[in-house]
Amino acid sequence: MKKRLLALLLAAAMILSLSGCLKSTEDLYQLPHISEEYRELQSAIEAVLGSDAEYAAPVSGSNRQAIQLSDLDGDGEYEAIAFVRTSGELPLKAYIFALRDGAYQNIAIIEGNGSSFQSVEYIQLDGEGGAELVLASQVSNQISRALSVYSLRKEGLTELMSAACSEYRAVDLNQDGKNELFLVRFSSDEPTGAASLFYYENDSMVRLPEAYLSQGVTTIRRIITGKLAENVPAVFVAGNHEEDSLVTDVFALRNGVLTNIAAREDVGVASTIREYNVYAADVDSDGILELPDPVPLSTQPDSSSFWTIEWYNLTLEGERVKKLRTYHQFQNNGGWYLVLPEEWGQLVIYRGKNVGSVAGLVFSRWSPETGEQELCTIYAFTGSRRTELAEENGRFILDQKGETVYSASIGPNNGSLTEDALRNLFHFIKIDWNTGEM
């Protein structure tokens with residue numbers, strides 16, 4: 001345990017040293033050393049730990065060290081927080097150490113029940129200096145997370161709130177410059193999940209009345225924060241709906257009340273339900289999140305397995321505002337999508353003839369009067385001849401990602417479509433780093 005602690009302290013000391021002045025070349029080649037300050041911290045931690053204590057780093061989130069540093073009280077000095085598991089009724093413990101009279105002292109202990117620390121974040125909630133400690137722990141299979149928020153001030157450590165939740169995010173829905181906490185929870189006593197918003201006021205966290213998720217949502221797939229419209233922040237909660245569909249509930253403040261603006265009051269389910277796993281995204285890069293409405297193509301039998309996506313914004317009143325149309329090609333590396341201009345009209349999409357072992361994806365305009373008019377074909381080439389194949393027989397390169405070169409050719413009835421215009425319509429699908437999904 002001491003060796004592990006020594007390594008942790010060394011890493012912390014190196015991180016802090018990098019934030020100082022640039023050192024000379026000679027200094028850079030010297031072996032790093034632990035300052036006396038951190039030796040004292042090591043001794044202070046060992047002095048309070050019992051023989052049954054073991055380090056218990058948070059298992060998820062961006063802060064997964066067993067010993068972490070943060071300026072909790074805003075005095076410009078780092079406090080050290082050690083996460084530990086012991087025996088007894090309250091096995092989870094977080095020890096907070098601060099410099100007092102030149103030495104580290106244990107100034108507070110957080111004790112709780114549960115099997116593990118799920119995550120820890122340091123979030124500014126009160127608009128003052130320092131950061132509040134937001135700690136989530138796994139309590140039981142029935143309660144996915146117990147979330148607690150602590151504030152360190154001159155008078156000591158204060159618990160601002162404690163609540164059960166499945167997921168949470170820091171947001172600023174009321175746009176007052178301070179973070180709020182948005183929580184989603186499920187309960188066996190209630191037919192559907194609920195969302196709540198906590199904000200800091202008068203030395204405590206105040207909760208607004210809850211708003212409900214769509215009926216039938218069983219688990220959360222993804223939570224995205226962004227703008228619903230200009231100057232209207234919102235939280236987009238995508239959840240599994242019943243067996244095989246996905247629904248996105250959209251929460252924002254309407255007249256100061258937390259509201260699921262996507263919900264249809266007549267059926268208790270948001271209007272964003274779909275049998276297609278694609279999520280809210282800013283597909284047109286205007287700073288506002290769009291919602292997807294997948295539409296299967298049925299122009300002719302061989303295109304019936306292809307879908308396009310109609311993207312729209314929701315107003316604060318829940319009305320749809322149509323934005324654009326795309327085709328998404330999902331792949332293991334994220335894949336790509338093509339913006340489909342309105343003037344392309346009714347489409348046919350199908351696999352064309354092979355080039356080598358690659359079948360291009362053909363996009364054609366179609367009408368009963370004129371039949372099919374080919375607009376363009378898109379290819380994804382891999383292998384040693386990928387660049388050569390991408391530029392043969394009138395094809396040109398759209399872009400490259402990893403070992404794949406994306407190429408296209410323009411059809412004979414393309415209207416005003418040019419190579420540069422097609423490149424501007426072609427985009428890569430971004431992968432969500434939290435979930436690994438597209």
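Is Asn 255 buried or exposed? Asn 255 is exposed, with a relative accessible area of 80%. The legends below describe close-up views of a predicted model.

**Figure 1. Asn 255 and Asn 202, two loop residues with positive phi.**
Asn 255 sits in the loop that links strand E17 (245-254) to strand E18 (257-260). Its phi is near 55°, a positive value in a residue other than glycine. The 80% relative accessible area of Asn 255 is over the 50% cut-off, so the residue counts as exposed. Asn 202 lies in the loop between E12 and strand E13 (204-207). Phi of Asn 202 is also near 55°, again positive and again in a residue other than glycine. Asn 202 has 70% relative accessibility and therefore counts as exposed.

**Figure 2. The whole chain, for orientation.**
The protein chain holds five helices and 30 strands. Of its 438 residues, 46% are buried. Among contacts in the chain with a separation of 6 or more, 44% are between residues 24 or more positions apart.

**Figure 3. The aromatic pair Tyr 406 and Phe 426.**
The whole structure contains 10 aromatic pairs. One of them joins Tyr 406 and Phe 426. The two rings are 5.6 Å apart, centre to centre. Their planes make an angle of 45°, and the pair is tilted. Tyr 406 belongs to strand E29 (residues 404-410) and Phe 426 to strand E30 (residues 426-428), so the pair ties together parts that are 20 residues apart in sequence. Both residues, Tyr 406 and Phe 426, are buried.

**Figure 4. Phe 426 and Phe 428, an edge-to-face pair.**
Phe 426 also pairs with Phe 428. Here the centres are 5.6 Å apart and the planes are at 80°, an edge-to-face arrangement. What relative accessibility does Phe 428 have? The value for Phe 428 is 23%, so this residue counts as partly exposed. Phe 426 has 5% relative accessibility and therefore counts as buried.

**Figure 5. One aromatic cluster of Phe, Tyr and Trp residues.**
Which residues form the cluster with Tyr 406, Phe 426 and Phe 428? The other members are Phe 306, Tyr 327, Trp 336 and Phe 363.

**Figure 6. Arginines over tyrosine rings.**
Arg 320 lies over the face of Tyr 312. The distance to the ring centre is 3.9 Å. In a second case, the charged end of Arg 395 sits over the ring of Tyr 379. Here the distance to the centre is 5.5 Å.

**Figure 7. Thr 192 and its polar contacts.**
Thr 192 is placed in the loop between strand E11 (180-185) and strand E12 (194-201). With 10% relative accessibility, Thr 192 falls under the 20% cut-off and so counts as buried. Which backbone oxygens does the side chain of Thr 192 reach? One is that of Leu 213, at 3.2 Å. Another is that of Ser 214, at 3.0 Å. Leaving out residues up to four places away in sequence, Thr 192 touches Tyr 212, Leu 213, Ser 214 and Gln 215.

**Figure 8. Leu 316 and its contacts.**
Leu 316 is in the loop between strand E22 (307-314) and strand E23 (320-329). Its relative accessible area is 24%, so Leu 316 is partly exposed. Leu 316 and Asn 260 are 56 residues apart in sequence. In space, their C-alpha atoms are 9.7 Å apart. Neighbours within four places in sequence aside, Leu 316 is in contact with Leu 228, Val 232 and Ala 252. It also contacts Leu 253, Arg 254 and Ile 261.

**Figure 9. The hairpin of strands E8 and E9.**
Strand E8 (residues 145-153) and strand E9 (residues 156-165) run antiparallel. Nine bridges join them. The two strands form a hairpin, with two residues between them. Leu 147 stands opposite Ala 163 in E9.

**Figure 10. Cys 165 and Cys 376, two buried cysteines.**
How many disulfides does a search of the whole structure find? The search finds zero. Cys 165 has 2% relative accessibility and so counts as buried. Cys 376 is at 0% and therefore counts as buried too.

Conventions:
Residues are numbered from 1 along each chain as its sequence is written. Side-chain values use heavy atoms; hydrogens and water are left out. Rings of Phe, Tyr and Trp (its six-membered ring) pair if their centres lie within 6.5 Å; planes under 30 degrees apart count as stacked, over 60 as edge-to-face and the rest as tilted. Helices (H or I, at least four residues) and strands (E, at least two) are DSSP runs, numbered from the N terminus. Buried means under 20% relative accessible area, exposed over 50%, partly exposed in between (1.4 Å probe, protein chains only). A charge sits over a ring if NZ of Lys or CZ of Arg is within 6 Å of the ring centre and within 35 degrees of the ring normal. A polar contact is a pair of N or O atoms within 3.5 Å; within protein, one must be able to donate a hydrogen and the other to accept it, and residues adjacent in sequence count only if both atoms are side-chain atoms. Contact means heavy atoms within 4.5 Å. A disulfide is a pair of cysteine sulfur atoms within 2.5 Å. Two strands pair if DSSP finds at least two bridges between them.
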